[in-house]
Amino acid sequence: MSLEPSAISVKNFIHEAADRELDERGLTAFTNPSASALGNFFAGLDQRWTGNPFERGFEELIPIGRAAARPGSLSSFTGAAAQPMHTDAAYLASPPRYLVFECVDPGEVSCKTEAWVTNQAKLLEERPHLLTNPRWVFLGGGRSRFYSPVLDTVLGIARIRYDPYCMSAAGENKTTLNDVSGLLASYTRQVSFEWTQGAFLIIDNWRCMHARGVGGESAPSRRLRRWYLGAKNGLGI
Ligand SMILES: [Fe+2]
């Protein structure tokens, strides 16, 4: 991981530019999409998408304390504090491919979203044993448990599945979560994203991990919408 996180700029929405940046960098950010333009963009990422994104398919995320959080959710472990890097819905057999966040209110103080973008070429070439072979049991979201490595290859993509709160070592696997996160970090580049009202951030949930950074406890008004796109269970509804 590079020492200094790089930033990603927020541009006025242009569909082709967003597609290109998402493909090349694993994430993109923009602002001011119309409802129909955003709907078309969503449909390009998930063929099942229909309708006005501002009216459907999202969840609202706010910093909440442990006690108020849904049992088993990330917030039930971290509260409003900074989160560990993770894949969203790692407990699903096919986690959503894309995460779309929109900032409704950035909150009282800065509370960034951090993303770790994997070096796909290096991961695909080296396929480190520590990520491809030791097996983990994934369990969460009220779903059945299943075995999976952290890294597998799907549609030519080195897909990461990592969430320290919904995985545990299986059988003979003596690897620790710290071993895994340390190795993952060596294959990633950190990107920091500062929220402004109306900004959108799109993250490839297979190629990147992400986390809410510090500041959530002091930003009770922080409010993001989140859509899941592009997997069997993708819409989150
Ligand atoms: Fe997340």
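The following dialogue discusses how certain terms apply to this predicted model.

Biologist: What makes strand β5 a largely enclosed strand?

Modeller: A residue is buried if 20 or more other C-beta atoms lie within 10 Å of its own. In β5, residues 98-105, 6 of the 8 residues are buried, so the strand is largely enclosed by the rest of the structure.

Biologist: How do you know that β5 and strand β13 pair?

Modeller: Two strands pair if DSSP finds at least two bridges between them. β5 and β13, residues 199-204, have 5 bridges in the antiparallel sense, so the requirement is met. One of the bridges joins Leu-99 to Ile-203 in β13.

Biologist: Which bridges support the pairing of β5 with strand β15?

Modeller: β5 and β15, residues 223-229, pair in the antiparallel sense over 7 bridges. Among them is the bridge between Tyr-98 and Leu-229 in β15.

Biologist: What does β5 give to the largest nonpolar core?

Modeller: The largest nonpolar core has 52 residues, and β5 gives the most to this core, with 5 residues. Those with the most contacts inside the core include Val-100, Ala-115, Ile-203 and Leu-229.

Biologist: Which residues are in contact with Ala-115, leaving aside its neighbours within four places in sequence?

Modeller: Contact requires C-beta atoms that lie within 7 Å. Ala-115 is in contact with Leu-27, Val-191, Phe-193, Ile-203, Cys-208 and His-210, its neighbours within four places in sequence being left aside.

Biologist: Why are β8 and β11 called edge strands?

Modeller: The open sheet has 3 strands in the order β8-β7-β11, with antiparallel pairing. β8 (146-148) and β11 (167-169) are the edge strands, and each pairs on one side only. Neighbouring strands of this sheet are turned by 35° against each other on average, direction ignored. Strand β7, residues 136-138, pairs with β8 over 3 bridges, and one bridge partner of a β7 residue is found for Phe-138, namely Phe-146 in β8.

Biologist: How is the packing of helices α1 and α2 described?

Modeller: Two packed helices are described by the angle between their axes and the distance between the axes. For α1 (residues 15-25) and α2 (residues 35-45), the angle is about 35° and the axes are 11 Å apart. α1 passes α2 in a right-handed crossing.

Biologist: Which residues of α1 and α2 meet?

Modeller: His-15, Ala-18 and Asp-19 in α1 meet Ala-37, Asn-40, Phe-41 and Gly-44 in α2. By class, this contact has 3 nonpolar, 3 polar and 1 charged residues. Gly counts as polar, so Gly-44 in α2 belongs to the polar class.

Methods
Residues are numbered from 1 along each chain as its sequence is written. This is a predicted model: local features need pLDDT of at least 70, side-chain atom pairs count only at pLDDT 80 or more; totals for chains, interfaces and linings use all residues. Axes are lines fitted to C-alpha atoms, for helices over the stretch in contact, and angles run from 0 to 180 degrees between N-to-C directions. Helices (H or I, at least four residues) and strands (E, at least two) are DSSP runs, numbered from the N terminus. A crossing is left-handed if the near helix is turned anticlockwise from the far one by less than a right angle, and right-handed if clockwise. Two residues are in contact if their C-beta atoms, placed from the backbone, lie within 7 Å. A residue is buried if 20 or more other C-beta atoms lie within 10 Å of its own, exposed if 12 or fewer, and partly exposed in between; C-beta atoms are placed from the backbone. A nonpolar core is a set of buried Ala, Val, Leu, Ile, Met, Phe, Trp, Tyr and Cys residues joined through C-beta atoms within 7 Å.
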